[in-house]
Amino acid sequence: MKITIVGAGAIGGLAGAYMSRAGHDVTLTDRWADHVEAMKAKGLFIDGVRGEMTIPVTAKHPHELQAPLDMVLIATKSQHAVEAVQQLVPLMTPETGVVSFQNGFNEPALIEALDAAGLPGKAMVIGAIPNYGGALVDPGYIEYVHEGPIQLGEMDGSTTERLTTLAEALGALTEVQLSDNIWGQIWAKEVYASQVVFSALVDDRIRNTLGVERYARIAGAIVKEALEIADASGIDVQAFDFFDPANYRVKTADDTRKLLDNINHAIWLLKKDQETKPSHDFKKKGSGIWWDIVYRKRPSETRSSSGKLIEYGRAAGADTRLNAKLFDMIYEIEDGKRELGFHNYDELEAYVAACGKALP
């Protein structure tokens, strides 16, 4: 299998580097020309939870890619996924595999884009959820921030040769969990992601946002509503390593306590790798959304990923008020109309109460 990774940032770059080191045929491409040139010249320098290393990789500018493409991992930000696929259509065949290797509900849009180009989108697209994390710090330099598995699955739930071959290759980086309900896994990640978006309202470490019970209660109410949107949409939301939807179906005070314990456990899982590396001063101290807003000074992928919850919710007739309010606050921050800070939590807390959605 020849693997092409489009978007050589943290998610795509780490996967490409480790698969390359294991001897797989991998090409990394990215529209950031300086990053491609750095990879060509020196490979990928990686530090973080697994220490420092430099891994030689094959890197090409987008215009240097050649047909036919075999297996393509789209690891761009969610808002660039469809554009990336459309640009590669001339290099694809009906046998090309296309993996949505990023956050967001991108698979239906990728299928639609391929269908519009005369290709069998439904047969080509594979769903995935990468649950490890990192940051593209500078050209040719990625920080590996936290460990986590990859969920991978055919959209129809089948187990195919291409799926198992790709899983074996990605296993060079981390554990790969094959799923017969990848759409339910994707929904789980996006439901959970509402509290990740919540954490980005403040420029502070996650232990000072979700790690504080008062704030975790607000986030819990928001995720509870997101789960209700999924339920109204008829989705069988799947559990994954640090998220169990059952914990967010809160009805009693005891349920709330279990939910808060679950949030604390998720924080511990995400941060335990960093706690064991005290000698490394992590540059990425928050979520990917925080990284884009604070470090990169650019819009996050919220609008094109988690933000789609609102569209699904309205289509299903679900109450979307808390998530709509949260996402609007993030958009205002990105547009320079709102400051980061704990005052955002005060405002959101009052809104949760006004909606009658405070956790018991």
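This briefing covers two helix packings, one pocket and one cis peptide bond.

The structure is a predicted model. In the first helix pair, α8 and α13 cross at roughly 55 degrees, while in the second pair, α11 and α12 pack at an angle of about 155 degrees. The pocket described here is the second largest, with a volume of about 250 Å³, and its lining includes Ala 67 and Pro 68, the two residues that are joined by a cis peptide bond.

**Helices α8 and α13**

- Helix α8, which spans residues 213-232, and helix α13, which spans residues 343-354, have axes that come within 10 Å and cross at roughly 55 degrees.
- The two helices α8 and α13 are therefore oblique to each other, and their crossing is left-handed.
- On the α8 side the contact is made by Arg 214, Tyr 215, Ile 218, Ala 221 and Ile 222, and on the α13 side by Tyr 345, Asp 346, Leu 348, Glu 349 and Val 352.
- Sorted by class, the contact of α8 with α13 has 7 nonpolar and 3 charged residues, with no polar residues.

**Helices α11 and α12**

- Helix α11 (residues 308-316) packs with helix α12 (residues 321-334) at an angle of about 155 degrees, and their axes lie 10 Å apart.
- Because angles over 145 degrees count as roughly antiparallel, α11 is roughly antiparallel to α12.
- The crossing of α11 and α12 is left-handed, with Leu 309, Ile 310 and Arg 314 of α11 making the contact with Asn 323, Ala 324 and Phe 327 of α12.
- The residues of the contact of α11 with α12 comprise 4 nonpolar, 1 polar and 1 charged.

**The second largest pocket**

- The second largest pocket, with a volume of about 250 Å³, is lined by Lys 2, Ile 3, Thr 4, Asp 25, Thr 27, Lys 60, Leu 65, Gln 66, Ala 67, Pro 68, Leu 69 and Asp 70.
- Strands β1 (2-6) and β2 (25-29) each supply at least two residues of this lining, and the largest share, 3 residues, comes from β1.
- By class, the lining of the second largest pocket has 5 nonpolar, 3 polar and 4 charged residues.

**The cis peptide bond**

- Most peptide bonds are trans, whereas the bond that joins Ala 67 and Pro 68 is cis, with omega about -5 degrees.
- Pro 68 has its place in the loop between β5 (58-60) and β6 (71-74), and both Ala 67 and Pro 68 are among the residues that line the second largest pocket.

Definitions and conventions. Residues numbered from 1 in each chain as written. Predicted model: local features only at pLDDT ≥ 70, side-chain atom pairs only at ≥ 80, totals over all residues. Heavy atoms only, no water. Axes fitted to C-alpha atoms, helices over the stretch in contact; angles between N-to-C directions. Helix = DSSP H or I, 4+ residues; strand = E, 2+ residues; numbered from the N terminus. Parallel < 35°, antiparallel > 145°, perpendicular 65-115°, else oblique. Left-handed = near helix turned anticlockwise from the far one by under 90°. Contact = heavy atoms within 4.5 Å. Nonpolar A, V, L, I, M, F, W, Y, C, P; charged D, E, K, R; others polar. 1 Å grid on protein atoms, 1.4 Å probe; cavity = no way out; pocket = protein on both sides within 12 Å on 5 of 7 lines; lining within 4 Å. Points joined across faces, edges and corners; volume = space filled by probe spheres on them.
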